[in-house]
Amino acid sequence: MAISLFDMLKIGIGPSSSHTVGPMAAARRYVRGLRKNGRLTDVARVDIQLYGSLGATGKGHGTGPAVLMGLEGHRPDRIDPEMLPPRVEAIRNEGRLCLNGEHSISFNEAEDLTYHRKETLPYHPNGMKFTAFDDTGAVIRERTYYSVGGGFVVDEKAAGADRIVEDKTPLPYRFKSGAELLQQCDTHNLSIAEVMMANEQVWRSESEIREGILHIWQVMQECVQNGIRNEGILPGGLKVKRRAASLYALLMAADRKDLISPSLSAMDWVNLYALAVNEENAAGGRMVTAPTNGAAGIIPAVLHYYWNWCPEADEEGVIRFLLTAAAIGILFKENASISGAEVGCQGEVGSACAMAAAGLAAATGGSPRQVENAAEIGMEHHLGLTCDPIGGLVQVPCIERNAVGAVKAINAAVMALRGNGEHFVSLDKVIRTMRDTGRDMLDKYKETSRGGLAVNVIEC
C-alpha cells in the first residue's frame with residue numbers, strides 16, 4: 001500500500017483526529033454514497049451508532065457534532081471551526097438535519113444518535129454505523145466504518161484486511177520497514193527526504209508537493225499564533241485554564257528573572273508552542289494531524305524550535321523536516337498503529353515524538369542512520385504510555401504530554417546527531433515492541449476513560 005505525506009499530515013479540526021476528523025470524513029463519505037446512488041432525497045431518517053472508544057469518549061471528543069457536520073457535507077480540512085458550534089445548536093433546536101447540504105430531514109439527537117459505551121465492533125475500537133430509512137421505515141443504505149487513527153477511515157471490507165485504504169500506486173522507492181528505508185537510501189545515495197520526495201511525485205509535481213508542505217507549515221504557524229492569542233477556559237466541564245497566552249507574555253518580558261536558567265529558555269518556548277497547539281485542539285480549532293490531533297503539538301513545536309533557534313533554518317529545511325517525519329510516520333502506520341484507542345498514547349505521542357526527532361535530525365544535517373536513530377530514541381522512551389484522558393476530553397494529561405514529548409524529541413535528535421548512527425535497538429524493533437505492548441495493554445488504558453488518571457483523579 002502507498003501512503004502519502006498528505007495522508008499522514010492532514011489539515012483538520014480538534015479535538016481528535018480519530019474521534020472528530022475521521023467520523024466527519026466517514027459521515028460525509030456515507031451521505032455522498034446516498035447521493036451517488038440517487039437515494040438521497042428518499043431519506044426520511046438517519047440512525048447513527050457509535051461504538052467502542054467513540055462511544056466511551058465520543059461526547060468529550062466532539063464525535064457527535066463532527067458526524068452531524070459530515071452528514072451535512074462538510075470536510076474536516078475545509079470547515080470553519082467557528083461555524084460548527086452554532087450550526088450544531090441550530091440542528092438541535094430546530095430538529096432538522098440537511099443531508100449533504102441539500103436534503104432536509106427531521107433529526108432527534110436523543111433517538112437518532114447513540115453512544116455505546118461498552119460495546120465494540122470487530123476489527124477496531126473506533127467503530128460507527130450509519131443507517132438511512134425512507135418514510136416507510138425501510139432501510140435504504142447501511143454502512144459500517146472504522147476511524148483507525150490520524151483521520152484515516154476504512155469501511156468494513158477494508159477493515160478485515162489492512163485497515164487502511166489500499167493504494168496500489170507503484171512507488172519508485174518502496175519501503176515497508178526502517179531497514180528497507182535505509183537500504184533505499186544506501187543503494188541510491190539518497191536522503192530519507194529525497195526518497196519521500198521521489199515517491200510523492202507519483203501523485204503530484206514537485207512544485208505542488210513543496211507548495212503543499214509549506215501550506216501545512218503555514219497552518220501549523222497559524223495554529224500556534226491562535227493558541228497564543230486565545231485565553232479563557234477550555235470547553236467540556238473540567239474548567240482547564242488556557243496557559244499559552246500568559247506564558248507567551250512572560251517569555252516576551254525580556255527582563256524577567258524567573259526562568260530556571262538562560263540555557264532552558266529555548267525549552268520554555270518549545271513548551272509554549274506545544275501548549276498553544278493543543279489548547280487550540282482542545283477548543284476545536286484548526287490544526288494539522290501530526291500524525292493525530294491528540295499529539296498535534298509535538299511536530300509543530302519542534303519545527304518552530306528549528307525555525308527560531310537553529311541558525312541555518314530555511315524553508316528547504318522545513319521541507320526536509322516534514323518529508324522525513326512523514327516517512328517515519330508511515331512506518332508506524334503500516335507496522336503498528338497511531339491510534340490511542342488501539343495501542344494507547346504510545347501510538348500517538350510516541351510516534352509523533354519519533355517523527356519530530358527524525359525531522360529535526362534531518363533538517364539539521366543528519367545522515368539517514370542518524371535520523372533513524374533519532375526516531376528510535378524518541379519512540380523507545382514512550383513505550384507503554386497509556387491513553388487515559390480525564391473526562392474523555394483531550395485536555396488532561398494530553399496538553400502537557402505534548403510539551404514533554406516535544407522536548408524529548410529535541411533531545412533524541414541531539415543524542416542521535418552526537419553519534420554516528422550505530423545503536424543497539426533498531427527502529428523496526430521498537431515499532432514492533434510498541435505494537436505488541438499495545439496488544440497486551442488493558443482496554444481501560446486505551447482511550448476509554450475507564451482507567452488511570454481518568455478514574456483516579458475523579459476518585460481523589
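On a 1 Å grid over the protein atoms alone, a cavity is a set of points where a 1.4 Å probe fits but cannot get out. A pocket is an open set with protein on both sides within 12 Å along at least five of seven lines, and lining residues have an atom within 4 Å of a point. Grid points are joined across faces, edges and corners, and a volume is the space filled by probe spheres set on the points. By these terms, the structure holds two cavities of 30 Å³ or more.

This is a predicted model, in which local features need pLDDT of at least 70 and side-chain atom pairs count only at pLDDT 80 or more, while totals for chains, interfaces and linings use all residues. Residues are numbered from 1 along each chain as its sequence is written, and side-chain values use heavy atoms, with hydrogens and water left out.

## Cavity and pockets

The largest cavity encloses about 160 Å³. Its lining counts 21 residues, and Gly294, Glu348, Cys387, Val394 and Cys398 are the closest to its centre. Helices and strands here are DSSP runs (helices H or I, at least four residues; strands E, at least two), numbered from the N terminus. α2 and α18 (398-417) each supply at least two residues of this cavity lining. α18 gives the most, with three residues.

The largest pocket holds about 930 Å³ of space. It is lined by 30 residues, and Phe6, Asp7, Lys10, Arg75 and Asp77 lie nearest its centre. Two or more lining residues come from each of α1 (5-8), β1 (10-13), α2 (17-36) and α10 (206-229). The largest share, six residues, belongs to α2.

The second largest pocket has a volume of about 760 Å³. Its lining has 35 residues, with Pro85, Pro235, Ala283, Gly284 and Gly285 closest to the centre. At least two residues each are supplied by α3 (52-61), α4 (63-71), α5 (84-94), α10 and α12 (265-282). Here α5 provides the largest share, five residues.

The table gives the linings by class. Ala, Val, Leu, Ile, Met, Phe, Trp, Tyr, Cys and Pro count as nonpolar, Asp, Glu, Lys and Arg as charged, and the others, Gly among them, as polar.

| Space | Nonpolar | Polar | Charged |
|---|---|---|---|
| Largest pocket | 15 residues | four residues | eleven residues |
| Second largest pocket | 15 residues | eleven residues | nine residues |
| Largest cavity | eight residues | nine residues | four residues |

## Helix α8

Which residues of helix α8 (residues 178-188) are buried? They are Gly178, Leu181, Leu182, Gln184 and Cys185. Buried means under 20% relative accessible area, exposed over 50%, and partly exposed in between (1.4 Å probe, protein chains only). Seen down the axis of α8, the buried residues fall within an arc of 155°, so they line one face of the helix. That arc is taken from the directions from the helix axis to the C-beta atoms. The buried residues of α8 pack against α9 (192-200), α14 (315-335), α17 (368-380) and α19 (427-440). Contact means heavy atoms within 4.5 Å. Asn189 follows α8 and has a positive phi, near 55°.

## Salt bridges

A salt bridge is a side-chain nitrogen of Lys or Arg within 4 Å of a carboxyl oxygen of Asp or Glu. The whole structure has 16 of them.

One ties α8 to another helix. Arg369 and Asp186 meet at 2.9 Å, N to O. Arg369 is in helix α17 and Asp186 in helix α8, 183 residues apart, so the pair links distant parts of the chain. Arg369 counts as partly exposed, at 36% relative accessibility. Asp186 is partly exposed too, with a relative accessible area of 42%.

A second pair sits within one helix. Arg210 bridges to Glu206, with the closest N and O atoms 3.1 Å apart. Both lie in helix α10, four residues apart, about one turn of the helix. Arg210 is partly exposed at 25%, and Glu206 is partly exposed at 34%.

Is the pair Arg242 and Glu279 buried or exposed? Arg242 counts as buried at 8% relative accessibility, and Glu279 is buried at 1%. The closest N and O atoms of this salt bridge are 4.0 Å apart. Arg242 lies in the loop between α10 and α11 (244-252), and Glu279 in helix α12, 37 residues apart.

Finally, Arg45, Asp47 and Asp112 are linked in a network of salt bridges.
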